[in-house]
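User: I would like to learn how individual features of a protein model are read. Please take me through some of them in turn.

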Amino acid sequence: MTVWSQLVGQTEAISVLSTAATAAAELVDGTGTAAGMTHAWLFTGPPGSGRSVAARAFAAALECTTPGGIGCGECQGCHTAMSGTHADVRMVVPEGLSISVAEMRALVQTSARRPTGGRWQVVVITDADRLTEGAANALLKAVEEPPPRTVFLLCAPSDHPDDVSVTIRSRCRVVALRTPSAAAIAEVLQLRDRIDGETATWAASVSSGHVGRARRLATDPAARERRDKVLRIPINLRRLSDVFDAADDLVSAAEADAGQVSGTRDEVEKDALKTALGAGGTGKGAAAATRGSAGAIKELERRQKSRATRTQRDALDLALVDLAGFYRDVLVTSSGSTAALNHPDHATSSRQAAEKWTQESTLRRLEAVLACREAIEINVKPRIAVESMITQLYMG
Ligand SMILES: [Zn+2]
């Protein structure tokens with residue numbers, strides 16, 4: 001498996017990136033010119049399309065040490081870049097809800113160093129849309145005059161000025177990822193994750209093109225149960241008092257979903273850090289190292305905690321997207337359209353709702369869900385935004 005096999009349904013992006021990686025390798029080997037390589041890239045695409053996966057795969061291809069390999073997936077360079085331990089590849093995960101100026105300045109400084117592996121210094125910024133204005137300015141300087149062997153890989157939902165400033169955008173080459181088809185997702189679930197055909201096809205069909213979500217639904221019964229609970233909310237709102245129970249269900253489902261994601265990831269990171277710090281050694285040197293590493297581990301825990309807040313919001317957003325999908329299904333059904341449903345497994349409920357509600361009231365409910373997503377995006381407290389939304393879902 002090459003590094004590109006991680007990218008689902010992205011044939012065009014893979015072709016662009018592997019061509020660039022070839023040019024980059026020729027440059028490193030002294031057989032090519034700088035013409036084919038770009039120092040700043042912007043990966044765009046809807047959540048779940050694999051922006052950061054694509055950036056990481058490209059980073060691995062740049063660090064690939066197999067002659068002519070360009071992302072062989074087997075060599076030390078590919079392995080360490082993919083697993084996040086390559087000395088020349090830095091993944092920037094925003095602190096809390098945005099990336100700070102200090103963090104960005106420090107990053108720009110280290111990125112100017114010569115690559116220790118002799119290839120490229122790669123900086124991956126996974127949520128470039130969460131850069132503060134100050135951080136964006138600090139980054140802009142580096143992107144405008146990049147050191148010869150430094151590459152910046154930015155990831156954002158789109159190249160719209162709301163997500164990435166026009167000046168940064170103008171310096172980047174854009175790789176637009178598409179929402180992978182259900183068929184492509186089902187295929188990767190079967191091939192890579194060894195999930196049976198029926199489960200893979202079902203999970204792909206209800207995940208709205210979100211690969212990670214499809215995998216979770218296919219492998220985790222608790223995640224499936226949480227999704228069902230969320231999708232039962234519209235039909236179960238019979239009394240005003242149901243509103244608060246439903247809000248509880250929605251918020252706690254998101255918390256549980258996020259806890260699952262963070263838990264596994266945090267442990268993996270902590271283990272990797274401990275290994276990197278040489279845990280388990282003995283003697284005087286090791287004791288001093290252990291004292292130093294306690295600080296590093298504490299720092300990691302602090303970052304993980306602030307990232308957990310974001311993961312929770314992202315999980316809630318996914319639940320809201322599910323909910324919006326339900327109301328869309330109701331509209332599709334009541335209009336007699338034959339368009340595919342978002343949640344074919346909840347067709348009985350959406351049909352019931354289509355018979356009971358007017359199209360106008362369904363539309364108002366759909367708008368309430370979208371308004372809730374926006375409110376959370378601008379930092380309204382999730383529970384308050386959700387309670388307000390569910391009151392509107394109840395009233396119609
Ligand atoms: Zn390789």
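Analyst: Let us begin with solvent exposure. Arg194 has a relative accessible area of 69%, and it is therefore classed as exposed, the cut-off being over 50%. Please keep in mind that the model is predicted.

User: Where is Arg194 placed, and what is the sign of its phi?

Analyst: Arg194 sits in the loop that runs between helix H7 (182–191) and helix H8 (197–205). Its phi is positive, about 55 degrees, although Arg194 is not a glycine. Asn379 also has a positive phi, of about 75 degrees, and is not a glycine either. Asn379 belongs to the loop between helix H14 (359–377) and helix H15 (382–395).

User: Is Asn379 exposed or partly exposed?

Analyst: Asn379 is partly exposed, because its relative accessibility of 48% lies between the cut-offs of 20% and 50%.

User: How is the geometry of a metal site read, and which residues coordinate the zinc ion?

Analyst: One compares the angles between donors with ideal values; for four tetrahedral donors the ideal is 109.5 degrees. In this structure the zinc ion is bound through the SG atoms of Cys64, Cys72, Cys75 and Cys78, at 2.3 to 2.4 Å. The angles subtended by these four donor atoms are 106 to 116 degrees, so the arrangement is tetrahedral. Along the sequence, the spacing of the donor residues is C-x7-C-x2-C-x2-C.

User: Are Cys64 and Cys72 buried or exposed?

Analyst: Cys64 is buried, at 3% relative accessibility. Cys72 is buried as well, at 16%, because the cut-off is under 20%.

User: How does one describe aromatic rings that pair, and how many aromatic pairs does the structure hold?

Analyst: Two quantities serve: the distance between ring centres and the angle between ring planes. The structure holds four aromatic pairs. For Phe326 and Tyr327 the ring centres are 5.7 Å apart and the planes are at 85 degrees, so this pair is edge-to-face. Phe326 is buried, with 0% relative accessibility, and Tyr327 is buried, also with 0%. Elsewhere, Trp41, Phe43 and Phe58 make up one aromatic cluster.

User: How should the surroundings of a buried residue be read? What does Gln10 touch?

Analyst: One takes its position, its accessibility and its contacts together. Gln10 is located in the segment before helix H1 (11–29) and is buried, with a relative accessible area of 3%. Leaving aside residues up to four places away in sequence, Gln10 touches Ser49, Leu177, Arg178 and Pro180. The side chain of Gln10 also reaches the backbone oxygen of Val8, at 3.3 Å.

User: What does the same reading give for Ala354, and how far is Ala354 from Glu269 in space?

Analyst: Ala354 is part of helix H13 (residues 347–356) and is buried, at a relative accessible area of 15%. Beyond residues up to four places away in sequence, Ala354 touches Val330, Thr333 and Ser334. Between Ala354 and Glu269 there are 47 Å in space, C-alpha to C-alpha, and the two are 85 residues apart in sequence.

User: Finally, into which domains is the protein chain divided?

Analyst: The chain is divided into domain 1 (3–176), domain 2 (180–219) and domain 3, which comprises 240–277 and 295–395. The C-alpha centres of domain 1 and domain 3 are 30 Å apart.

Note on methods:
Residues are numbered from 1 along each chain as its sequence is written. This is a predicted model: local features need pLDDT of at least 70, side-chain atom pairs count only at pLDDT 80 or more; totals for chains, interfaces and linings use all residues. Side-chain values use heavy atoms; hydrogens and water are left out. Helices (H or I, at least four residues) and strands (E, at least two) are DSSP runs, numbered from the N terminus. Buried means under 20% relative accessible area, exposed over 50%, partly exposed in between (1.4 Å probe, protein chains only). A polar contact is a pair of N or O atoms within 3.5 Å; within protein, one must be able to donate a hydrogen and the other to accept it, and residues adjacent in sequence count only if both atoms are side-chain atoms. Contact means heavy atoms within 4.5 Å. Donors are N, O and S atoms within 2.8 Å of the metal (3.2 Å for Na, K and Ca); water is not among the atoms, so sites may look incomplete. Four donors count as tetrahedral if all angles lie between 85 and 135 degrees; four count as square planar and six as octahedral if opposite donors are over 155 degrees apart and all others between 65 and 115; anything else is irregular. Domain bounds come from an automatic or database domain assignment. Rings of Phe, Tyr and Trp (its six-membered ring) pair if their centres lie within 6.5 Å; planes under 30 degrees apart count as stacked, over 60 as edge-to-face and the rest as tilted.
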